[in-house]
Amino acid sequence: MRLENKVALITGASNGIGKASALLFAQEGAKVIVTDINDPAGEATVAEIKAGGGQAAFFHADVSKASDCEAMIKFAEDTFGALHILFNNAGIMHGEDGDATSTAEEIFDLTYAINVKGVFFGCKYGIPAIQRAGGGSIINTASFVAHLGAATPQLAYTASKGAVLSMSRELAVIHARENIRVNALSPGPLRTELLMNFLNTDEKKQRRLVHVPMGRFGEAAEMAKAALFLASDDSSYMTGSEFLVDGGITAAYVTPE
Ligand code: NAD
């Protein structure tokens, strides 16, 4: 088991990538703190882990609130004695996010509050805990959109993921000699609620798929495997990376018919 004796906290773990990672990390021996704003689904993730013989606990935390983030880290240490792995994964893609002229300031601020400040708050309170544990691994969920521009815009989202990449890089450098690794996970387009709600017609889905060399959306479970690699000692010489797991979308100029 690759995460034996480790405590992992995952934000946005009620659904999608976060949930799949919580299940996989627990299978690999980690004690998992599941956090989210969706309490019933978070409790269901915990129940599923326990049914499989793993250890987990749910904590309600809105990552855009500093006090919630401070409390979730304390909960992890109080519940399982330490924190080694912090997966800042919670994020939103707002349906009214568009180009510069159409995006309302409120939508931009909301996206930043969750996608950028959420990662900042996780690190602000999580890094001291990981230092107390003697080191560990931080994973911040970015996106392929931080690498490519799209004519179907989501400006606030795209900018927020660029911020996650640059924050991750700088934190990696700052903490490199403290046995703390910080990597971004940059998924391609996935078949999770987040993107399927945004691409809410077959035409919109097809328009996105045209650009993916593999010709399909990725699965949350495929991101969980990448996150496990970053969380575990298998990636022991890796920090400050942007870890693209994207079906080849960032490599493509023209895709197969
Ligand atoms: P998802 O919608 O399936 O899950 C996201 C989870 O985050 C939900 O459980 C939701 O309740 C939670 N959440 C939302 N706001 C929150 C808040 N303020 N505080 C705490 N939790 C909150 O989405 P997903 O596809 O699993 O996305 C996870 C991460 O991956 C996000 O950061 C997203 O931007 C990123 N990502 C997704 C895709 C994709 O195509 N789906 C691609 C690249 C990156």
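## Close-up views of the ligand site and two asparagines

**View 1. Isoleucine 17 meets the ligand through its backbone.** In this predicted model, an oxygen atom of the ligand sits 2.8 Å from a backbone N or O atom of isoleucine 17. Ile17 is also among the residues that come nearest to the ligand, together with Asp36, Asn89, Tyr157 and Thr192, out of 27 residues around it.

**View 2. Side chains of aspartate 62 and tyrosine 157 also reach the ligand.** Look for the side chain of aspartate 62, where an N or O atom is 2.9 Å from a nitrogen atom of the ligand. At tyrosine 157, a polar side-chain atom lies 2.6 Å from a ligand oxygen atom. On its own the ligand has 830 Å² of accessible area, and the protein covers 94% of that.

**View 3. The ligand takes up the space of the largest pocket.** Three elements each give two or more residues to the shell around the ligand: helix H1 (16-27), helix H6 (155-174) and helix H7 (193-198). Sorted by class, this shell holds 14 nonpolar, ten polar and three charged residues.

**View 4. Asparagine 5 has a positive phi.** Here is a backbone angle worth a look: phi is near 65° in asparagine 5, which is not a glycine. Most residues other than glycine have a negative phi. Asparagine 5 is found in the segment before strand E1 (7-11), and it counts as exposed because its relative accessibility is 62%, over the 50% cut-off.

**View 5. Asparagine 179 also has a positive phi.** Its phi is about 65°. Asparagine 179 belongs to the loop between H6 and strand E6 (180-187). With 53% relative accessibility, asparagine 179 counts as exposed.

Technical notes
Residues numbered from 1 in each chain as written. Predicted model: local features only at pLDDT ≥ 70, side-chain atom pairs only at ≥ 80, totals over all residues. Heavy atoms only, no water. Near = heavy atom within 4 Å. Polar contact = N/O pair within 3.5 Å; in protein donor to acceptor, adjacent residues only side chain to side chain. Areas by Shrake-Rupley, 256 points an atom, 1.4 Å probe, with all protein chains shown as cover. 1 Å grid on protein atoms, 1.4 Å probe; cavity = no way out; pocket = protein on both sides within 12 Å on 5 of 7 lines; lining within 4 Å. Sits in = over half its atoms within 2 Å of the grid points. Helix = DSSP H or I, 4+ residues; strand = E, 2+ residues; numbered from the N terminus. Nonpolar A, V, L, I, M, F, W, Y, C, P; charged D, E, K, R; others polar. Buried < 20%, exposed > 50% of the residue type's maximum accessible area, 1.4 Å probe, protein only.
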